[in-house]
Amino acid sequence: AVQLFRLMMQSNVELDVISFSTVMSVYRQSCEWVKASQLFNAMAKIQVEASSTTFNTAISACENAGEWDRALQLFNQMAHYQIRLGTIAFNSVISACESGGEWEKVLQLFSLLMQKMLEPNTITCTAAISACETGGKWKQSLQLISVMLYRRVRPNTMTFNAAISSCEKGCEWRKALQLFPMIAQHELEPNVITFNAVISACGRAGKWEEALRIFNVLAG
């Protein structure tokens, strides 16, 4: 696809937004965010109007490469060009900021998503809860769990792991224990990360009997 695109450029074949989006998707999959970004900038030079798909692909490429600041810049450009923001764009920029440890920006973006009456999904909520874990914001992580349950967004084990870990870091061992059985209630399987977080939460609070009980569940 890349070679064909280059041949088209060399032959002065008129390129459209689909051509650019296709090649940018290739760069996204190979984590070549710089090339994807350069291609995105080239569109403006030859007056090819970017679409939501093009922006989403560029933001996702930056997410894969851990370039949260560039992802956020592209996200903000969407509003400037009056391109409708969708859940896909929010997921990518939220995940990028979460990976970069920018928990405050994640919560701001999640709030914006809700203001725009968009529906968060498992990816959105899990990334936001993981950001809360990084920022030590256990209350916000529990609020996000409540949002998921209210909106019937299905959590996964990673979702609960992040929420339990945020409670562990906040020394909220009771909250961690309350979350633990919810995993089984949602027909999910806890993993080693889950057990370690719950045991650590109990251990930090000096609740060794509770920690031993959870350990025995793990041992089985």
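This report describes the helices, helix packing, aromatic pairs and selected residues of one predicted model.

**Basis and overall make-up**

The structure is a predicted model, in which local features need pLDDT of at least 70, side-chain atom pairs count only at pLDDT 80 or more, and totals for chains, interfaces and linings use all residues. Residues are numbered from 1 along each chain as its sequence is written, and side-chain values use heavy atoms, with hydrogens and water left out.

The chain contains 13 helices and 0 strands. Helices (H or I, at least four residues) and strands (E, at least two) are DSSP runs, numbered from the N terminus. Read from the N terminus, the order of elements is α-α-α-α-α-α-α-α-α-α-α-α-α. Of the 220 residues in the chain, 44% are buried; buried means under 20% relative accessible area, exposed over 50%, and partly exposed in between, with a 1.4 Å probe and protein chains only. Contact means heavy atoms within 4.5 Å. Among contacts between residues at least 6 apart in sequence, 59% join residues at least 24 apart.

**Packing around helix α9**

Helix α9 (residues 138-150) is described here with two partners, α11 (residues 173-185) and α8. Axes are lines fitted to C-alpha atoms, for helices over the stretch in contact, and angles run from 0 to 180 degrees between N-to-C directions.

The axes of α9 and α11 come within 12 Å and cross at roughly 25°. That angle makes α9 roughly parallel to α11; angles under 35 degrees count as roughly parallel, over 145 as roughly antiparallel, 65 to 115 as roughly perpendicular and the rest as oblique. The crossing of α9 and α11 is left-handed, a term used if the near helix is turned anticlockwise from the far one by less than a right angle, with right-handed used if clockwise. On the α9 side, Trp 138, Leu 142, Ile 145 and Leu 149 meet Lys 175, Leu 179 and Met 182 of α11. The residues of this contact of α9 with α11 comprise 6 nonpolar, no polar and 1 charged. In this classification, Ala, Val, Leu, Ile, Met, Phe, Trp, Tyr, Cys and Pro count as nonpolar, Asp, Glu, Lys and Arg as charged, and the others, Gly among them, as polar.

Helices α8 and α9 pack with their axes 8 Å apart, at an angle of about 165°. That makes α8 roughly antiparallel to α9, and the crossing of α8 and α9 is left-handed. Thr 122, Cys 125, Ala 128, Ile 129 and Cys 132 in α8 meet Gln 140, Ser 141, Leu 144, Ile 145 and Met 148 in α9. The residues of the contact of α8 with α9 divide into 7 nonpolar, 3 polar and no charged. Ile 145 thus appears in the contact with α11 and in the contact with α8.

**Aromatic pairs**

A pair of aromatic rings is described by the distance of the centres and the angle of the planes. Rings of Phe, Tyr and Trp (its six-membered ring) pair if their centres lie within 6.5 Å; planes under 30 degrees apart count as stacked, over 60 as edge-to-face and the rest as tilted. The whole structure holds 3 aromatic pairs, including the two tabulated here.

| Pair | Centre distance | Plane angle | Arrangement |
|---|---|---|---|
| Phe 75 and Phe 90 | 4.9 Å | 70° | edge-to-face |
| Phe 180 and Phe 195 | 5.5 Å | 65° | edge-to-face |

Phe 75 lies in helix α5 (residues 68-80) and Phe 90 in helix α6 (residues 87-99), so the pair ties together parts that are 15 residues apart in sequence. Both Phe 75 and Phe 90 are buried. Phe 180 belongs to α11 and Phe 195 to α12 (residues 192-204), so this pair also ties together parts that are 15 residues apart in sequence. Both Phe 180 and Phe 195 are buried.

**Selected buried residues**

Ile 214 is located in helix α13 (residues 208-219) and, at 1% relative accessibility, counts as buried. Leaving aside neighbours within four places in sequence, Ile 214 is in contact with Leu 177, Phe 180, Phe 195, Val 198 and Ile 199. Ile 214 therefore touches both rings' residues of the Phe 180 and Phe 195 pair. Ile 214 and Asn 196 are 18 residues apart in sequence and 9.3 Å apart in space, C-alpha to C-alpha.

Leu 177, in helix α11, is buried with a relative accessible area of 16%. Not counting residues up to four places away in sequence, Leu 177 touches Val 198, Cys 202, Glu 210, Arg 213 and Ile 214. The C-alpha atoms of Leu 177 and Cys 202, 25 residues apart along the chain, are separated by 8.4 Å.

Glu 133 sits in helix α8 (residues 122-135) and counts as buried at 19% relative accessibility. Apart from neighbours within four places in sequence, Glu 133 is in contact with Ala 162, Ser 165, Ser 166 and Lys 169.
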